[in-house]
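Please open the model in your viewer with the whole chain shown as a cartoon, and keep the selection tool at hand. The stops below go from the whole chain to its domains, then to the ligand and to single residues.

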Amino acid sequence: MSKDPPDWLWQGLPHLWLPYTQMKTAQPPLAVARTEGSRIYLADGRVLVDGIASWWTACHGYNHPAIRAAVAAQLEAMPHVMFGGLVHQPAADLARRLAALLRGDLTHVFFSDSGSVAVEVAIKMAVQYWLNKGVKGRTKCLAFKGAYHGDTFATMAVCDPDEGMHAHFKGVLPEQIIADLPEDEEKLAVVEALVARHADQLAAIIVEPLAQGAGGMIFHDAEVLRRLRALADKYDLLLIFDEIFTGFGRTGSMFACEEAGVVPDIITLSKALTGGTMALAATITRTKLFEAFLSDDPARALMHGPTFMANALACAAANASLDLFEREPRLKQVAAISQSLTQGLEPCRARPGVRGVRVKGAIGVVEMEKIADLDALKRRFIEAGVFVRPFGRVIYLTPAFTIQAEELKLLTKTVVKIVG
Ligand SMILES: Cc1ncc(COP(=O)(O)O)c(C=O)c1O
């Protein structure tokens, strides 16, 4: 039952500037009427099984009744109040719960409204940490090839400067120290030499632990993170884990740092924090970092405060999401998804043009030698009734943890068929 495109689409579309889109040549986007579970209901009557969970956020599926109820109740009491000089229970509860969930003394929570801003805040905290301690010149980060940390200026500067999507801005962005991840002893020696050479300029090391997401869905071992912790300790650098993609179960443990047994000095969270319902992010630090901002001098405070930080509706959604992680077997579901992705995508390995197949937690990746026409590939998935958004050379699945077995099977079968 196909319907004509809705009027709102044709009336509004000329005014919309879409993300990561060449507006001259792009196909019109799909008009969505509603979502439920792992299904996207289009305005023209088609229904797509979602393989992406809205950029990895909707970990409990869309419209989870428990999150909806929590947001509706909060809406009655207070949708938002500024966080300057005022606090509220949803934020206080959420900060306490995040501090309890994270290992070690990652106990001080600064809320913001997007992942990029959470990373900006982490970098700003790291730089100011040294300034507050009276150490000048430690303003740079060591970041890694394949990294993606966001689209704002400080975060673009710690993305892969050559292969990343922000390569245009080389020369405009503050130059950072970029290395290969220390995946073996040889690479570790190179990274260590770089750190030793720049130690008096470096504030922090920043990494997406276990899985680099938007830079290519590239995985590394937990040992890499232990090496980075040891390097940071040896050269007295702060270690930032950007868990905006990996946090809340995506790689198989609640946080990727748990698998490595490493406590970073700063961790950033967003995306699945609210179960994908609302915009919210958090930058969480260890005590030593927080204490470096304590002073009788007001200038040593962290001068940051996004207008919508700790939005009450978003905090209510996040608390409801954490309740679901406590009540429902999310990590077991991730383990089951991991198995299904491994089995379901395996046939791709033998197909011509496939460079590799890899799975980590609820992330399944088929890496191609190249994808000649991304738009055509996206269209084929939609024609097959699934929503999958390949980029670069990769076709990937990051479904909701609550996806039904037959929905997941449809996703993997479609990938196999299309890779074909
Ligand atoms: C690891 C990581 N860091 C930061 C970001 C930026 O988050 P946002 O898009 O909410 O600004 C992303 C988004 O994909 C991410 O995957």
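With the whole chain selected, and bearing in mind that this is a predicted model, colour the residues by burial: 44% of the 420 residues count as buried. The chain contains 14 helices and 16 strands. Its radius of gyration is 22 Å, close to the 22 Å that the globule rule gives for 420 residues, so the chain is as compact as a globular protein of that length. If you turn the C-alpha trace along its principal axes, you will find that it spans about 65 × 55 × 45 Å. Among the contacts with a separation of 6 or more, 72% are between residues 24 or more positions apart.

**The two domains**

Next, give separate colours to residues 7-60 together with 328-419, which the domain assignment calls domain 1, and to residues 65-327, which it calls domain 2. The C-alpha centres of domain 1 and domain 2 lie 26 Å apart, and where the domains touch, 24 residues of domain 1 are in contact with 21 residues of domain 2. On the side of domain 1 that touches domain 2, the elements that give two or more residues are α2 (53-56), α12 (330-345), β13 (354-360), β14 (363-368) and β16 (394-397). Select α12 in particular, since with five residues it gives the most to this side. Coloured by class, the side of domain 1 that touches domain 2 shows 14 nonpolar, six polar and four charged residues.

Stay with strand β13 and select Lys-360, which lies in it. Is Lys-360 buried or exposed? Lys-360 counts as buried, because it has 21 C-beta neighbours inside 10 Å and 20 or more are enough for that label. Leaving aside neighbours within four places in sequence, Lys-360 is in contact with Leu-210, Ala-211, Phe-219, Thr-251 and Gly-252. For a distance to display, take the C-alpha atoms of Lys-360 and Glu-185, which are 175 residues apart along the chain and separated by 23 Å.

**Around the ligand**

Now centre the view on the ligand and show the 15 residues around it, of which Gly-115, Ser-116, Gly-150, Ile-244 and Phe-245 come nearest. Helix α5 (residues 115-132) gives the most to this shell, with three residues. By class, the shell around the ligand is made up of six nonpolar, seven polar and two charged residues.

**Two helices**

From there, select Ala-154, whose place is in helix α6 (residues 153-156). Ala-154 is buried, with 21 other C-beta atoms within 10 Å. Not counting residues up to four places away in sequence, Ala-154 touches Glu-120 and Ile-123. Gln-176 is 22 residues from Ala-154 in sequence, and the two are 9.8 Å apart in space, C-alpha to C-alpha.

The next selection is helix α11 (residues 312-327), whose 16 residues reach 22 Å from the first C-alpha to the last, close to the 22 Å expected at 1.5 Å a residue. Several residues of α11 are buried, among them Ala-312, Leu-313, Cys-315, Ala-320 and Leu-322. To see what lies against the buried residues of α11, add α3 (65-77) and α4 (89-101) to the selection, as these are the helices they pack against.

**Two loops and a helix residue**

Select Asp-236 in the loop between α8 (222-234) and β10 (238-242), where its phi is near 55°, a positive value in a residue other than glycine. Asp-236 counts as exposed, because it has 11 C-beta neighbours inside 10 Å. Then move to Lys-271, in the loop between β11 (266-269) and β12 (281-286). The phi of Lys-271 is near 45°, again a positive value in a residue other than glycine. Is Lys-271 buried or exposed? Lys-271 is buried, with 26 other C-beta atoms within 10 Å.

For the last stop, go to helix α8 and select Lys-234. Lys-234 is exposed, because 12 other C-beta atoms lie within 10 Å and a residue with 12 or fewer is given that label. Draw a final distance from Lys-234 to Glu-36: the two are 198 residues apart along the chain, and their C-alpha atoms are separated by 49 Å.

Conventions: Residues numbered from 1 in each chain as written. Predicted model: local features only at pLDDT ≥ 70, side-chain atom pairs only at ≥ 80, totals over all residues. Near = placed C-beta within 6 Å. Helix = DSSP H or I, 4+ residues; strand = E, 2+ residues; numbered from the N terminus. Nonpolar A, V, L, I, M, F, W, Y, C, P; charged D, E, K, R; others polar. Expected span 1.5 Å × (residues − 1). Contact = placed C-beta atoms within 7 Å. Domains from an automatic or database assignment. Rg over C-alpha atoms; globule rule 2.2 N^0.38 Å.
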